[in-house]
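Hi there,

Here is the structure I promised to send over. Have a look at it first, and then read on for my notes.

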Amino acid sequence: MKKHLKPQFYGAEIFSALVFLCSMSAAFMYTLSRSVVFPATCIMTALSFGFYLLFYFLRKKRVFSFLAFIACFTASMFVFSVLSGISRISPIDYLFKASEFYDDFMAGAFISIFSFIIGFSTAYFNVYLPRPAFLLLPAFIPLLLAAKTADGLPAEYVIFIAVGYTLVLLGISRPEFPNENTYFDDKRSRFERLGALGIFGLIIAVTIYSVPRSDETPLGEYLDTVFKRDSTLYTGNSLTNFASNSGVNRGANKLSENVLFYAMSNYPVMLSRWSFDTYTENGNWTAHSDYSSGWSGWQSYKKNLSTLALSSKLYNGAKSGYLSDYAPLLSGLSSVPESQYYRSQLMRIYVADNSNTKVVIHPNMTIGVNITGYDEKIYRTHMDEMFTDNNFGRNAEYSLEYYASTPNTSLIELFEKVDMRELLTAAEREGVISTSEKEAFLNERTLAWQYHYVTMDDPISPRIIELANEITEGLTSNYEKALAIEKWFGEAGFVYDLDFVPEETTAEYFLFESRRGICTDFATASTLLLRAADIPTRYTEGFLLKEENRSEYGVYAVKSANAHAFAMSYIEGYGWLEVDGTRFVAVAEAEDDDNTLLALVLLIAVIVLGTLVVIFRSHISEAVFAVSIKFRNNSGKIRAIYLRTRKLACMIAEKDPRSTTSAEVREIISNSLSLKTEAEEITSCADELFYNNTVMPYADKLYGDYREIAKMKKKMRK
């Protein structure tokens with residue numbers, strides 16, 4: 001009895017599998033081990049490729065392959081259980097919180113199990129049973145994890161996966177039917193595939209490098225950094241170094257969900273990135289050269305700017321008999337225990353977008369910064385920008401200490417009534433406050449007003465000055481004026497609208513015509529109105545921590561969509577106050593996006609249809625064949641029916657259709673399915689057509705013969 005041999009698969013290109021596994025590993029490690037993504041990717045690539053090679057070399061020995069699968073799976077699960085047992089984090093927590101908390105043991109545990117999964121699955125669907133669609137299954141895991149923990153993979157990772165998947169498809173193995181014990185490999189086809197791999201890889205590399213950056217496409221902002229990581233220019237979707245000017249709202253804004261960094265904080269605050277001083281005619285801001293340099297050693301200076309400590313010391317001093325000239329006014333202040341004079345909050349920043357930056361993102365009133373692994377100086381400008389001499393490493397981590405206090409209205413009112421310099425000088429002379437505290441507050445005041453006089457050299461339009469006077473009419477306190485301007489935008493019916501496309505980008509158009517815009521419009525208008533009200537103010541860009549982005553662990557996932565612009569005004573008795581013109585305004589309702597809904601419906605329909613096609617592919621194939629037969633002439637019918645019958649016969653006998661004769665087809669059908677008459681009629685008609693160019697008169701009956709053969713094969717499960 002003849003032994004039936006199943007087809008073996010050969011020709012899988014090992015190099016293409018390596019690229020694919022590397023792309024999978026990079027995607028996994030971006031999600032699970034972002035702080036050490038490069039070494040972790042190398043380790044996982046090596047381990048998964050080792051699994052792949054093991055199963056590749058055991059492809060001819062299925063029994064050994066099965067035993068290797070059991071052994072590798074058991075070993076991977078053992079390592080996983082041991083390492084996860086050592087870790088202080090549960091596997092589920094780490095799997096969905098890995099972007100926020102890195103753990104060596106848990107990372108090693110998931111590397112062991114995921115390396116086996118992608119290594120074996122790639123070998124199985126690339127070498128053992130080539131199924132291109134199933135090769136995408138390993139890619140879905142990091143994509144889903146990234147969507148859950150990091151709001152999606154950066155574009156370069158997606159491109160890398162696409163390249164790896166395409167290469168592995170070009171290098172996929174092909175079925176070879178053995179002739180007895182002799183196997184053959186088409187070397188010419190192998191060289192063609194290798195050539196295609198190289199050409200396609202080159203095309204992809206050139207395309208990624210040469211595609212121009214476009215502000216209109218989501219990938220455009222990423223493509224600049226794929227091959228140009230040393231760029232110091234800032235883009236909306238990455239954290240790099242200082243920009244030369246602010247952004248201008250041109251409308252139809254698309255919010256990016258790319259996570260830039262994580263901030264661990266007790267409550268939401270605004271974070272500053274950089275500030276600008278000079279307003280230009282086209283509606284944006286640039287930096288003034290007098291305020292672009294920074295100084296180190298600012299920490300002790302800033303620690304002395306505690307309004308909580310100052311208020312308490314002035315109150316206690318007056319209560320103890322000092323500052324008699326100011327005693328009636330100082331009685332309105334409050335006292336706190338000395339241990340709480342310099343009460344501060346802590347925040348930790350984890351950069352997550354692979355930036356290598358000099359810019360320190362920080363909250364207002366920051367008094368200390370500690371960058372992990374960076375021991376050089378940290379500078380601060382008079383515009384409250386922070387930076388370092390050198391980039392402090394990709395995906396850096398740093399902690400911030402800052403004063404988080406609400407404005408002390410009593411202290412603010414006090415300095416509105418008295419001369420701040422005289423009061424602080426008297427307090428120092430009588431020993432109520434230290435010299436360093438007095439100098440810190442007076443220097444901050446002097447710098448703020450010097451800044452105001454310099455920036456007011458740029459004229460503000462008479463209409464804006466008139467509007468500022470109208471909004472602040474009757475108010476004498478700068479603090480009250482700032483709050484009035486902030487609230488006015490809401491009272492005047494302004495609308496925050498991402499989709500609105502302005503006709504002009506100027507502040508006057510926004511204030512007096514459109515009254516619709518985004519944070520940059522409100523921040524620009526606020527800054528100009530505050531300056532017109534004679535309050536020192538700068539335009540600042542940064543980020544807004546939103547409660548909706550906060551995890552149960554107190555970690556905020558800060559995205560590009562959280563970028564925010566606001567004004568910073570100097571208020572005596574408090575310091576620099578954040579004035580957010582968007583705080584009280586209405587938000588435009590998003591219109592129903594019919595195109596998005598239609599695209600979603602089409603996507604679901606395609607997925608459902610594709611699933612049905614996979615499940616009922618044999619039925620669909622038969623139906624299509626039955627319809628196509630009716631439109632063929634007699635010779636076309638004979639040819640198509642014979643080729644389809646030959647395919648069925650070769651599936652039964654596990655033979656190569658290309659080398660199977662009509663006599664062998666007739667013998668297989670007759671012996672295996674006991675349909676000698678049907679096999680005879682089909683093969684005879686085919687022989688007459690192929691060798692004598694004669695069409696037999698009963699050609700129309702052949703489709704019925706084929707249907708009988710197909711039914712019997714299905715019934716006997718051949």
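Let me start with a pair of helices. The axes of helix 14 (residues 420-429) and helix 15 (residues 435-455) come within 9 Å, crossing at roughly 170°. Angles over 145 degrees count as roughly antiparallel, so helix 14 is roughly antiparallel to helix 15. On the helix 14 side, the contact is made by M420, R421, L424, T425 and E428. Helix 15 contributes T435, K438, F441, L442, R445 and T446. Sorted by type, the residues of this contact between helix 14 and helix 15 are four nonpolar, three polar and four charged.

Before going further, please keep in mind that this is a predicted model. The protein has 718 residues, and 48% of them count as buried. You will find 25 helices and 20 strands in it. Taking the contacts in the protein with a separation of 6 or more, 73% are between residues 24 or more positions apart. The accessible surface of the protein is about 35600 Å², and carbon and sulfur atoms account for 57% of that.

Next, a strand that I enjoyed looking at. In a regular strand, side chains alternate between the two faces of the sheet. Strand 13 (residues 397-402) shows such an alternation. Which of its side chains are buried? Y398, L400 and Y402 are, and they point to one face. E397, S399 and E401 point to the other face and are not buried.

Strand 13 also has partners. Strand 8 (residues 345-351) runs antiparallel to strand 13 and is joined to it by six bridges; here R348 stands opposite S399. Strand 10 (residues 366-371) is antiparallel to strand 13 as well, with five bridges between the two. In that pairing, V369 stands opposite L400.

Last, helix 18 (residues 507-514). Its buried residues are A507, Y509, F510, L511 and S514. What covers them? The cover includes three helices and two strands, listed here:

- helix 16 (462-471), helix 17 (478-491) and helix 19 (519-532)
- strand 5 (278-279) and strand 15 (516-517)

Right after helix 18 comes R515, and its phi is positive, near 55°.

If you open the model in a viewer, the residue names above should help you find each place.

Best wishes

Technical notes
Residues numbered from 1 in each chain as written. Predicted model: local features only at pLDDT ≥ 70, side-chain atom pairs only at ≥ 80, totals over all residues. Heavy atoms only, no water. Buried < 20%, exposed > 50% of the residue type's maximum accessible area, 1.4 Å probe, protein only. Helix = DSSP H or I, 4+ residues; strand = E, 2+ residues; numbered from the N terminus. Pairing = 2+ DSSP bridges. Axes fitted to C-alpha atoms, helices over the stretch in contact; angles between N-to-C directions. Parallel < 35°, antiparallel > 145°, perpendicular 65-115°, else oblique. Contact = heavy atoms within 4.5 Å. Nonpolar A, V, L, I, M, F, W, Y, C, P; charged D, E, K, R; others polar. Areas by Shrake-Rupley, 256 points an atom, 1.4 Å probe, with all protein chains shown as cover.
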